[in-house]
Amino acid sequence: MSERKEDLAKWNEEWVSAPPHLKGVYVYFVVCEISPGVRHLKIGRSIDPESRLSGMQTGNPAPLKLLGYVRGGAALEKSLHRLFGPLRQGGEWFIYTDDM
């Protein structure tokens with residue numbers, strides 16, 4: 001393996017094993033089923049979305065599910081909030097549809 005590929009492989013290994021707070025900020029997507037067929041989506045940001053989910057679940061009686069997250073900060077989060085504005089239920093929560 002070339003030195004460059006070895007460096008890249010080492011960097012990737014370090015990145016994967018690095019604590020979330022060293023990787024940056026993520027925009028996350030969490031879904032909550034309010035009642036059968038009624039779901040809400042939270043679009044938020046965190047340096048550690050999985051820990052954030054844990055904290056949110058503590059104060060929420062309905063099960064929450066982390067759909068995923070992408071690298072991004074306040075600008076991306078704000079853009080998504082604007083995009084889904086007509087579906088806003090309050091704060092960072094939106095009506096979740098299969099079309100999203």
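Which exposed residues does the face of H2 turned away from its buried side carry? To get there, let us start with the other side of this helix, keeping in mind that we are looking at a predicted model.

Helix H2 covers residues 49-58, and Pro49, Leu53 and Met56 are buried in it. Viewed down the axis of H2, these buried residues fall within an arc of 65 degrees, so they line one face of the helix. The spacing has a familiar background: an α-helix has 3.6 residues a turn, so residues three or four places apart point the same way. Now turn to the face of H2 that points away from the buried side, and you will find the exposed residues Glu50 and Thr58.

What do the buried residues of H2 pack against? Their partners are three strands: E1 (26-35), E2 (38-46) and E3 (64-71). Leu64, in strand E3, gives us a good view of this packing. Leu64 has a relative accessibility of 12% and counts as buried, because the cut-off for that is under 20%. Among the residues that Leu64 touches, beyond those up to four places away in sequence, are Leu53 and Met56, both of which are buried residues of H2. Leu64 also touches Gln57, as well as Val30, Val31, Cys32 and Trp93. Leu64 and Leu53 are 11 residues apart along the chain, and their C-alpha atoms are separated by 7.4 Å.

Strands E1 and E3 also meet through a pair of rings. The count of aromatic pairs comes to one. In that pair, the rings of Tyr26 and Tyr69 have centres 5.2 Å apart and planes at 75 degrees, so the arrangement is edge-to-face. Since Tyr26 lies in strand E1 and Tyr69 in strand E3, the pair ties together parts that are 43 residues apart in sequence. Tyr26 is buried at a relative accessible area of 9%, whereas Tyr69 is partly exposed at 37%.

Let us finish with helix H3, which spans residues 74-83 and includes His81. Glu77 has its place in H3 too. Are these two residues buried or exposed? Glu77 is buried, with a relative accessible area of 6%, and His81 counts as buried at 10%. Setting aside neighbours within four places in sequence, Glu77 is in contact with Val27, Ile43, Gly44, Arg45 and Glu92. With the corresponding neighbours left out, His81 is in contact with Ile43, Arg88, Glu92 and Phe94. Ile43 and Glu92 thus appear in the contacts of both Glu77 and His81.

Definitions and conventions: Residues numbered from 1 in each chain as written. Predicted model: local features only at pLDDT ≥ 70, side-chain atom pairs only at ≥ 80, totals over all residues. Heavy atoms only, no water. Buried < 20%, exposed > 50% of the residue type's maximum accessible area, 1.4 Å probe, protein only. Helix = DSSP H or I, 4+ residues; strand = E, 2+ residues; numbered from the N terminus. Arc of directions from axis to C-beta. Contact = heavy atoms within 4.5 Å. Phe/Tyr/Trp six-rings, centres within 6.5 Å; stacked < 30°, edge-to-face > 60°.
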